[in-house]
6 protein chains.
Amino acid sequence: MARTDGRSDEALRAIRITRGFQEWPAGSVLVEFGKTKVLCAASVQDGVPRWRAGSGKGWVTAEYAMLPSATHTRGDRESIKGRVGGRTHEISRLIGRSLRACIDLSALGENTINIDCDVIQADGGTRTAAITGAYVALADAITWLGAAGKLADPKPLSCSIAAVSVGVVDGRVRLDLPYEEDSRAEVDMNVVATDAGTLVEVQGTGEGATFARSTLDRMLDVALAGCAQLSRLQAEVLAEPYPGELPSGAKA
Amino acid sequence: MARTDGRSDEALRAIRITRGFQEWPAGSVLVEFGKTKVLCAASVQDGVPRWRAGSGKGWVTAEYAMLPSATHTRGDRESIKGRVGGRTHEISRLIGRSLRACIDLSALGENTINIDCDVIQADGGTRTAAITGAYVALADAITWLGAAGKLADPKPLSCSIAAVSVGVVDGRVRLDLPYEEDSRAEVDMNVVATDAGTLVEVQGTGEGATFARSTLDRMLDVALAGCAQLSRLQAEVLAEPYPGELPSGAKA
Amino acid sequence: MARTDGRSDEALRAIRITRGFQEWPAGSVLVEFGKTKVLCAASVQDGVPRWRAGSGKGWVTAEYAMLPSATHTRGDRESIKGRVGGRTHEISRLIGRSLRACIDLSALGENTINIDCDVIQADGGTRTAAITGAYVALADAITWLGAAGKLADPKPLSCSIAAVSVGVVDGRVRLDLPYEEDSRAEVDMNVVATDAGTLVEVQGTGEGATFARSTLDRMLDVALAGCAQLSRLQAEVLAEPYPGELPSGAKA
Amino acid sequence: MARTDGRSDEALRAIRITRGFQEWPAGSVLVEFGKTKVLCAASVQDGVPRWRAGSGKGWVTAEYAMLPSATHTRGDRESIKGRVGGRTHEISRLIGRSLRACIDLSALGENTINIDCDVIQADGGTRTAAITGAYVALADAITWLGAAGKLADPKPLSCSIAAVSVGVVDGRVRLDLPYEEDSRAEVDMNVVATDAGTLVEVQGTGEGATFARSTLDRMLDVALAGCAQLSRLQAEVLAEPYPGELPSGAKA
Amino acid sequence: MARTDGRSDEALRAIRITRGFQEWPAGSVLVEFGKTKVLCAASVQDGVPRWRAGSGKGWVTAEYAMLPSATHTRGDRESIKGRVGGRTHEISRLIGRSLRACIDLSALGENTINIDCDVIQADGGTRTAAITGAYVALADAITWLGAAGKLADPKPLSCSIAAVSVGVVDGRVRLDLPYEEDSRAEVDMNVVATDAGTLVEVQGTGEGATFARSTLDRMLDVALAGCAQLSRLQAEVLAEPYPGELPSGAKA
Amino acid sequence: MARTDGRSDEALRAIRITRGFQEWPAGSVLVEFGKTKVLCAASVQDGVPRWRAGSGKGWVTAEYAMLPSATHTRGDRESIKGRVGGRTHEISRLIGRSLRACIDLSALGENTINIDCDVIQADGGTRTAAITGAYVALADAITWLGAAGKLADPKPLSCSIAAVSVGVVDGRVRLDLPYEEDSRAEVDMNVVATDAGTLVEVQGTGEGATFARSTLDRMLDVALAGCAQLSRLQAEVLAEPYPGELPSGAKA
């Protein structure tokens, strides 16, 4: 009844967050949840989408995608199919919405931060790893914008955002499912939370099954504890200086 | 602090479920949650999608769409834009997943039930109305398939499925939000549940805000009570005979 | 040799025109020609297409579509296919062109009226029903624009527009063909005419067959008589007051 | 009140039909109506569209397109826009339908004839020129199929097909409108007819205007006389031998 | 070991360049390399692409396409497929790039010259024929712009551009390959050169094979000699007056 | 006149080739040419494209793409634009063609190797880095296929393939251009060669400029020396054992 990788039911996989993975974006983070690896890049762009122009406020948006080579079986490339699939759309929207919960968009002025989350290797939990890494990339982009003198308010981030998956596998509530568990889970839930322990997004699903309210409560307990751990890890890596050159030329 | 339409915080809008709205589909239901009107049609098709062929099992899938004229301000037509938007994709997937929780797909044989949910008039809660109506259309399609002698198991539906929205508006937890409340809700949640009171899907979101665990718990209480009411309504309307001609030629 | 539904060769099906079918568009009409049901909504939008900007004149355009569940066998959804089919394009263009024959576009100022004709149930003659209903929706939208003080000329409609199909079935010229007759007609013609008895559009087709000039003449006689009847029905329903709230707040 | 090019109201422009314009298609015809030039190519392909497979019958279909350089002002390329426009769709369907009126599709066996009508230079009446030229290309493709021993019936063409435009310009009914007249015509009609004088398709339109039944009758008289002349020209050019090498290696 | 058409290894096919092939474009040239026929039209358009606006410079761009009927076996129409294929993209870019090597874009002002190269008949070497014809169409468009008083510098063309293919077939280096040789060539190269003998573009490919440096050198020798011949032909045809009416109304 | 990074004109940047970068593909290589980083993954798939089915031969194809975050200024995502751009198409075709020059496709049986080249960071020369890395990924995939017993011939690779860019910058011929040099090069050439020193592909371009034959010769000399160095590096890294688990379970 033990997990394939020997973890306890409530333990996260090995988490690694590497800042400064790419040279050009204002924030670039490689996040690893076990074998799941997602590259999260936050790029700053002048201006905002048309529907928001003239508001004086900025915008944060995200695009999630998977490299064809990231999965056990090679996936088709969405650019070649000419259509972005429903799952991709859904996750992109989730990431953008989650990050917008922690930021005061009026502090950005009419600038946009695009967060690209490209999955390099997929082994379950790619969307929650993406959110967790994207927050760190966003924080670096905010540091970059501050150094560039483009922030109306020097501290536009009101909290940090982390996310984790939880599910019922073999009748047990387990944290941070790898693909092997995810693919046979009876219930699957993604929880996005702040470092203050409040919730940003909860999505619980029982494909081909239903679940009791008490199971939901138990999954939330386990997921919130996981998010708290991830928040601490984020704070630790962000305690290090900005990993590149800042617009002013001085290291932060 | 009262609601615009005078309802109590925990009350549903006026709900109407009309079976047999169209002539040709095996199930066709017009569902109304107040001014929100969704036409849910369940059509039976021989065969299953390619990835499922040869499994001996059937499939249930859904497509959600909005008439351009359904909204306060006319929306663009997705066929003309040439792309289905992320929101449409997301809701279509949610409806399909929710309905598959109540059905034994092996009883269908290699047949597909397509459930089209077309919003005729939108006033908040279109996805939850769609799920609630779609279940009734599905039940009628199952009756039709039974009469046609195409079911391996005469009772493939293990439970009924209903859905409702709940949110925090003006600091109060409220059930079944119309557009006017939905558009200024701090937190918004959709709950899909069975007539047995178990959960199928929970999606809670705080765009630009976060919410406490205790708020989530309270929203679930209110939503589950709302779903229970909807389940009773579904049972009532389904107690009436099948609203058209069955394959055998006799009324059910 | 009698028609399936017992009608005489020159009789219309039962026609019903229901105004105010939806809440939000300026004009919203459900038109029924027997079992054929089309929802025609006229929405007013500020501005005109780019190629017309600066002309000081308005525009009227139409989009026709069929719900997947409207037909005997479920049709594919054009938004999912990512392309609008040739038939859809052709009918949308016909409806827009027909309505522009009755209106003085300079009276509208630089406003656009979009007419959405969505087929709820198809049983032959959907394009002619759509034109007939769309005229009524357009008339209501004009009333709405007048009440909103947006018309340069208070009577921009110079005539009314109605349409009907006629064909040769079983060697006989018959009016207003249902699907069962339409699908085996040797010749099929759609005629759009004004209440003054002049012609707007004539489209006669013999797929896999040809027809004599004398047959064309006879079909025109029958169709024009049908259009005259439809024009009288339109006038009757439009004699009733505007079915919603007008911009000024007073019923028209 | 005379026409720009000095013709009488009921005269055709100079018509030229050149067979064997290209090497590879079974039929290839350059048709010229004055300055309007359309290349009509009929290519034979094994097999039929999926919906027709197993019927034992063949299929004839057409695709109409305009070179970007064909018009007074360069047009956008539809392949680059990624969508075929409504006008293109409409004309392609008209050409295919018109040609299918003259052929016994069961004589073809399960073969398809694709007729490509590419406008090299546009000066009004491209669709009617296309139909007139396409018939000649089709006739050559039939000769080719006969030589190849692929016809069940050696004479599958029951008549010839020609088409011409007619309109009301400056208050006068005129035949075969060039662009300069077409663009200011009050009424515009396209007539497709056989060499026996029967009708295949009639499409009369009054954009922004309406017309009397008597005008329609007069336009039909003029158009039918024009079609008769075109039919004679087609017969003359087809009296010459097949303009290339036939499958058997012998000139026809 | 002789070539099918009796030419020597280093000889071009019969080359024909016909100016003024169409009425409306500023330059319109039919170029023939043996049976390969390409229609090259240069159209002048006010303004430049958005990324170039405000630069004060003009732009030259090209679009290459093939008529479905141009090839031995009919090809699918890219507008219908809804996507421009990789080969089409590649050749369009090559033609545009090649022509931009000979022109001073600042002399054009903010005007664009679109060069459409539509293959009427394909028998190998369509891209090199297209470049060779496109240069002549461009030169005519420049004459037209000069007559219209739109050129800042009366001689913006610094050289002429021609192109030819060369390959290794049956172990021999051969010039200007027809389809029959091209399809079995071991190495295939396209060379674009100026009348001064300098190079603009060199693309050598060995699909499924490799080639020695000495072979490349030999192919370049042969190709440059071919280009020199084509440059002389271009100069000869351009020595004739402009083949239409110039904006000033006088023949050039 | 020295290069920004201090290299001599004929020196490569620092080259790094890391095998086994991802877990699931049969070959996965991260290749670095200075700051340019490309992830090359070779995935094995049963079956071949339809046009090749039944030939008994395999297929090798490539897809090149750039992460939006890879460039100095964030690029748009092609999946969202719904179209693959011309440059992407062109490079994908080049990579596939280059690799097919070194492999005996009949040894693969009817299997396909898809090579995905995703640019993680772009600093000039991404296509040549991609080819160089793709060859190593292909070699690993071949080892994997051999271990799986799927090769008809145990040594289907007849040579190795490497590629490098060369250009004229500041009037000097320079090897392996970074973005800063590439963007202002007068001439730009990509050379693909084998370890035997033969050529696979040569593409030289002078956008807005032309170049002498002698310059081309000099560029070829420099590029071939660069390719020879890259071939030696490839051989070195491939001398190490296969970096993962082989189908047989034993390390190669």
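**View 1. Four salt bridges cross the interface of chain A and chain B.** This is a predicted model, so let us start with the charged side chains that meet between its two chains. One of the four salt bridges joins A:Arg213 to B:Asp221, and the closest N and O atoms of this pair are 2.8 Å apart. Polar contacts are found here too: between chain A and chain B, 17 residue pairs are counted.

**View 2. The side of chain A that touches chain B draws on helices and a strand.** Helix 2 (86-100), strand 9 (199-205) and helix 5 (213-238) of chain A each contribute at least two residues to this side. Sorted by class, the side of chain A facing its partner has twelve nonpolar, eleven polar and ten charged residues.

**View 3. About 2,800 Å² is buried between chain A and chain B.** Of that area, 50% lies on carbon and sulfur atoms. Which residues of chain A lose the most area to chain B? They are A:Glu90, A:Leu199 and A:Arg213, which together account for 21% of what the chain A side buries. You have already met A:Arg213 as the salt-bridge partner of B:Asp221. In the contact, 33 residues come from chain A and 33 residues from chain B. The copies meet through the same surface, because 100% of the interface residues of chain A are also interface residues in chain B.

**View 4. A turn of 180° lays chain A on chain B.** The superposition has an RMSD of 0.0 Å, with a shift of 0.0 Å along the axis. The two copies are therefore related as by a two-fold rotation axis. Look for A:Gln203 here: in chain A, its C-alpha is the one nearest the axis, 2.2 Å from it.

**View 5. Strand 9 of chain A pairs with strand 9 of chain B.** The two strands run in the antiparallel sense and are joined over five bridges. What stands opposite A:Gln203 in strand 9 of chain B? The residue there is B:Gln203, so this close-up goes well with the view of the axis, where A:Gln203 has the nearest C-alpha of chain A.

**View 6. Strands 6 and 7 of chain B form a hairpin.** Strand 6 (residues 161-169) and strand 7 (residues 172-175) of chain B run antiparallel and are linked by four bridges. Along this pairing, B:Val168 has B:Val173 in strand 7 as its bridge partner. Two residues lie between the strands, and B:Asp170 in the turn has a positive phi of about 50°.

Notes
Residues numbered from 1 in each chain as written. Chains lettered and ligands numbered in written order. Predicted model: local features only at pLDDT ≥ 70, side-chain atom pairs only at ≥ 80, totals over all residues. Heavy atoms only, no water. Least-squares fit on C-alpha atoms with pLDDT ≥ 70 in both. Contact = heavy atoms within 4.5 Å. Buried area = accessible area lost by both parts, 1.4 Å probe. Salt bridge = Lys/Arg side-chain N within 4 Å of Asp/Glu carboxyl O. Polar contact = N/O pair within 3.5 Å; in protein donor to acceptor, adjacent residues only side chain to side chain. Nonpolar A, V, L, I, M, F, W, Y, C, P; charged D, E, K, R; others polar. Pairing = 2+ DSSP bridges.
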